[in-house]
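This report looks at aromatic contacts and at one helix, and it is best read with the sequence and the coordinates side by side.

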Amino acid sequence: MSIDWTRWHDGYADPDSLLNSRLAMVQGHLSDALTAAPPGPLSVVSLCAGQAHDVIGVLPGHPRQADVRAVLVELDPENARLAAERAAQAGLACVEVRQADAAIATGYADALPADVLMLCGIFGNVSETDIAGTIAAAPALCAPGCTVIWTRHRRPPDITPRLREWFADAGFDEHAFASPDAGGVLSVGVHRWPADAPSRSGTDGLSPRRLPTERLFAFAPQSA
Ligand SMILES: C[S@@+](CC[C@H](N)C(=O)[O-])C[C@H]1O[C@@H](n2cnc3c(N)ncnc32)[C@H](O)[C@@H]1O
């Protein structure tokens, strides 16, 4: 089954939808991560950004807006167009929507390492092997102290416990994990790359982390 990724966003039109409950949590975590970040420029990188309801819903009026440069990577041309249109309407010159394959990290190397890495709407659409591989590769995308915000449904078999272990195995600290809905169908997780971790640039004298050149993931034809 092939999914129409533009229509998929229709769920955001219903204020009572689970998708909107999830969005509110993601936005809250993004806002908190920006607020808590040390002073200075902040790179926000959103993979598979869709129409960017999360980032564009948070930045306008946020106290750290002037510090942010956001690169939103989205493959679907219509979603990328709509995200860029929404960013322009919100007056967000700091947001660049890049129509590109987010699975190829070298395509947005200029925005890395990220201070906030958004992995929302990905882990429910790719294989477990790809989830594990993306998480294992994530440290190379992260600046010290980076906040990673991710989502995953919890339909049986619920793999979120293993997913959280994969983050721990990669060296991340868990900051939050919760379901926005009473039934626990969806989940939002927040992990932090340690602030004293070696940076990718290696300028701190510790070993540099190389960006992966292989594909991080491929969307499988299944429901989101
Ligand atoms: C489930 S939606 C999530 C959108 C957004 N992150 C959100 O949570 O509202 C998944 C998005 O990933 C996009 N996508 C799929 N494969 C992609 C890839 N390889 N690179 C970039 N975007 C991709 C789809 O076009 C779709 O907009």
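How many aromatic pairs does the structure hold? In this predicted model, the structure holds nine aromatic pairs, and two of them are set out below.

| Aromatic pair | Centre to centre | Angle between planes | Geometry |
|---|---|---|---|
| Tryptophan 150 and phenylalanine 167 | 5.6 Å | 20° | stacked |
| Phenylalanine 172 and tryptophan 193 | 5.1 Å | 55° | tilted |

The stacked pair links distant parts of the chain, since tryptophan 150 belongs to strand β5 (residues 142-151) and phenylalanine 167 to helix α5 (residues 160-170), 17 residues apart. Tryptophan 150 and phenylalanine 167 are both buried.

In the tilted pair, phenylalanine 172 lies in the loop between α5 and β6 (173-178), whereas tryptophan 193 lies in the segment after β7 (188-192), so this pair ties together parts that are 21 residues apart in sequence. Are these two rings buried or exposed? Phenylalanine 172 counts as buried because its relative accessibility is 5%, under the 20% cut-off, and tryptophan 193, at 5% relative accessibility, counts as buried too.

The residues of both pairs belong to one aromatic cluster, which is formed by Phe123, Trp150, Phe167, Phe172, Phe177 and Trp193.

Turning to the helix, α1 (residues 18-36) has 19 residues and reaches 27 Å from its first C-alpha to its last, which is close to the 27 Å expected at 1.5 Å a residue. The buried residues of α1 include Leu19, Leu23, Val26, Leu30, Ala33 and Leu34, and among them are also Asn20, Arg22 and His29. As a general point, an α-helix has 3.6 residues a turn, so residues three or four places apart point the same way.

How values were computed:
Residues are numbered from 1 along each chain as its sequence is written. This is a predicted model: local features need pLDDT of at least 70, side-chain atom pairs count only at pLDDT 80 or more; totals for chains, interfaces and linings use all residues. Side-chain values use heavy atoms; hydrogens and water are left out. Helices (H or I, at least four residues) and strands (E, at least two) are DSSP runs, numbered from the N terminus. The expected span of a helix is 1.5 Å times one less than its number of residues. Buried means under 20% relative accessible area, exposed over 50%, partly exposed in between (1.4 Å probe, protein chains only). Rings of Phe, Tyr and Trp (its six-membered ring) pair if their centres lie within 6.5 Å; planes under 30 degrees apart count as stacked, over 60 as edge-to-face and the rest as tilted.
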